[in-house]
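Good morning, everyone, and thank you for making the time. I would like to walk you through a structure that is new to most of this group, so please have a look at it first.

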Amino acid sequence: MLGEHRYTVRSTWTGDRGTGTSGYRDYDRAVTLEIPGKPAVLASSDKPFRGDPSRWNPEDLLLAALSECHLLSYLHACVQAGVVVVGYEDEASGLMVEDGRGGGAFREVMLRPRVTVADASMVDAAASAHAQAHEWCFIANSVNFPVRHEATIVVAE
């Protein structure tokens with residue numbers, strides 16, 4: 001099934017403290033992200049960039065998108081391989097490096113999924129399914145830095 005898929009999001013800056021962007025320290029980095037029919041996400045810049053650490057920032061959202069995309073692609077790969085997954089958790093991390101000119105870039109992301117399968121006979125196929133998931137992940141295929149994974153496969157007790 002081939003096709004084009006378009007996505008939309010509304011980003012609304014809610015950080016005007018009364019003087020707009022009159023100075024670098026004069027405004028809040030608060031943003032609300034909305035998609036019709038879905039709960040709003042409260043976002044900001046990261047704390048080192050004068051943001052609110054209690055809100056999601058763009059770096060968090062990118063890492064979350066990569067982790068979730070791999071997870072969903074992996075579950076599909078397991079179904080096709082006859083692997084019954086009964087649990088999946090990922091402790092993903094990413095490295096972003098500032099360039100000293102006001103910008104920067106992610107250098108890499110490491111996914112660390114811990115997968116629980118129903119039977120010991122499924123462990124090898126479960127491990128192999130990560131490569132297929134990586135190939136299928138739309139988000140990983142869209143970034144210009146490596147997205148690696150170090151998976152752990154365990155058998156349900």
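I will begin with a sheet and the helices that pack on it, and then turn to one residue elsewhere in the chain.

Please keep in mind throughout that this is a predicted model. The sheet I have in mind is an open one, in which 3 strands follow the order E4-E7-E9 with mixed pairing. Strand E4, residues 85–90, and strand E9, residues 152–155, stand at the edges, and because each has a single partner strand, one side of each is left without a neighbour in the sheet. On average, and with direction ignored, neighbouring strands here are turned by 15° against each other.

If we look at how E4 is joined to strand E7, which covers residues 113–117, we find 5 bridges between the two, and they run antiparallel. Within that pairing, Gly-87 has Thr-116 in E7 as its bridge partner.

Two helices pack on this sheet. Helix H1, residues 58–81, touches E4, E7 and E9, and its direction makes about 160° with that of E4. Helix H2, residues 123–136, also touches E4, E7 and E9, while its direction makes about 150° with that of E9.

Let me now move to Val-41, which lies in strand E3, residues 41–43. Which residues is Val-41 in contact with, once its neighbours within four places in sequence are left aside? They are Val-31, Thr-32, Leu-33 and Trp-56. With a relative accessible area of 29%, Val-41 counts as partly exposed. Finally, Val-41 and Pro-58 are 17 residues apart in sequence, and their C-alpha atoms are 11 Å apart in space.

Terms used: Residues numbered from 1 in each chain as written. Predicted model: local features only at pLDDT ≥ 70, side-chain atom pairs only at ≥ 80, totals over all residues. Heavy atoms only, no water. Pairing = 2+ DSSP bridges. Helix = DSSP H or I, 4+ residues; strand = E, 2+ residues; numbered from the N terminus. Axes fitted to C-alpha atoms, helices over the stretch in contact; angles between N-to-C directions. Contact = heavy atoms within 4.5 Å. Buried < 20%, exposed > 50% of the residue type's maximum accessible area, 1.4 Å probe, protein only.
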